[in-house]
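Please go through the questions and answers below, which take up salt bridges, a cavity, cysteines and a surface patch in turn.

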Amino acid sequence: MDFSLDSLHNIEKDLNAAVSFVLKSAKVDTAEEVNHTALMKMYKDPLSDCVEKLFKLLRSNIELCKAAAGKVDRLQADCIQTKTELIDLQRSKMDTVQTTVKKEIQSWSDIVQKNCEKSSVASIKSVKQVVKSFVDENDRSKSLIIYGAKEERSEHTPDYVEDLLLALNEENKHQVLGSLRLGNIKPNSESARPRPIKVTLGSADSVKEILNKAKTLKKLIGSYAIFSNVYLAPDRNREERAERRKLVAEMKTLISNEPSKHHFIRNGKIISVSRD
């Protein structure tokens, strides 16, 4: 007998039919009523028929169980075979990748060696420049710049930063590693534009969370109104600042030429939408 869902359904039907036959032969309505007394009341022929049907069903169920066990064994073997093939395939791919990497490393090593022989000093400077650039970018991702913060001679920038985070409901959520004014104090500093404040945080995620809330500063009132004219920005490098200034100049031109639209900068592009 082959094991399948259809065979299970057929066995279920045969079992239900056998139960109905026993109930009818024993002249009872429910399976709970089938007991020794009820069976002893049956005539010999109906009782023999019941025993014969049940015996055949038992044999069929035994054969079905054997078929099911065989199929499970085959499926298990197929599964093990498939896993083995996958492992072999992964090993083969890893061997290929390792071989490719070794060849590329050897090629790169040969190139580096030749370049070092030609100009070792230039190579060292290039490596140092790459490392420095990476470190600088990593440090900048954990910093933000505060523009427009009023500058006072007796100020304490950590207190100012703490109050700013309090105004943004971000107090006690981020690790502030340090803060300082950028640049030197200029003569007549009282009338000069305030120097920006650089704030260094514990992670780049902290910087993103605070910058996402920066737009709410313009809506602050009451004791927090001193932050309504403050502008927060990422810590950009020289090239990024130049690109930003260019975008701002273009946006100002658009604002002048198309005052009916709302213009803003997002992801390094100027977006213009209708105010309606």
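Throughout, buried means under 20% relative accessible area, exposed means over 50%, and partly exposed lies in between (1.4 Å probe, protein chains only). The model is predicted, so local features need pLDDT of at least 70 and side-chain atom pairs count only at pLDDT 80 or more, while totals for chains, interfaces and linings use all residues. Residues are numbered from 1 along each chain as its sequence is written, and side-chain values use heavy atoms, with hydrogens and water left out.

Q: Is R140 buried, exposed or partly exposed?
A: R140 has a relative accessibility of 24%. Because that value falls between the two cut-offs, R140 counts as partly exposed.

Q: Which residue forms a salt bridge with R140, and how far apart in sequence are the parts that the pair ties together?
A: A salt bridge is a side-chain nitrogen of Lys or Arg within 4 Å of a carboxyl oxygen of Asp or Glu; the closest N and O atoms of R140 and its partner D235 are 3.1 Å apart. Helices (H or I, at least four residues) and strands (E, at least two) are DSSP runs, numbered from the N terminus. Because D235 lies in the loop between β4 (231–234) and α6 (238–257) while R140 lies in helix α3, the pair of D235 and R140 ties together parts that are 95 residues apart in sequence.

Q: Which residues are linked with D235 in a network of salt bridges?
A: D235 itself counts as buried, at 9% relative accessibility. In addition to its bridge with R140, D235 forms a salt bridge with K198, where the closest N and O atoms are 3.4 Å apart. That second pair links distant parts of the chain, 37 residues apart, with K198 in strand β3 and D235 in the loop between β4 and α6. The residues linked with D235 in the network are therefore R140 and K198.

Q: What is the distance between the closest N and O atoms in the salt bridge of R195 with E151?
A: R195 counts as buried at 15% relative accessibility, whereas E151 counts as partly exposed at 26%. For the salt bridge that R195 forms with E151, the distance between the closest N and O atoms is 2.5 Å.

Q: Which element gives the most to the lining of the largest cavity?
A: A cavity is a set of points on a 1 Å grid over the protein atoms alone where a 1.4 Å probe fits but cannot get out, and lining residues have an atom within 4 Å of a point. The largest cavity is lined by L144, I146, V161, L164, L165, V199, I210 and L232. Two or more of the lining residues come from each of β1 (143–147) and α4 (157–167), and the element that gives the most, with 3 residues, is α4.

Q: How many disulfides does a search of the whole structure find?
A: A disulfide is taken as a pair of cysteine sulfur atoms within 2.5 Å. C65 counts as exposed at 53% relative accessibility, and C79 counts as partly exposed at 39%. The number of disulfides found in the whole structure is 0.

Q: In which helix does V51 lie?
A: V51 is exposed, with a relative accessible area of 51%. The helix in which V51 lies covers residues 44–140 and is α3.

How values were computed. 1 Å grid on protein atoms, 1.4 Å probe; cavity = no way out; pocket = protein on both sides within 12 Å on 5 of 7 lines; lining within 4 Å.
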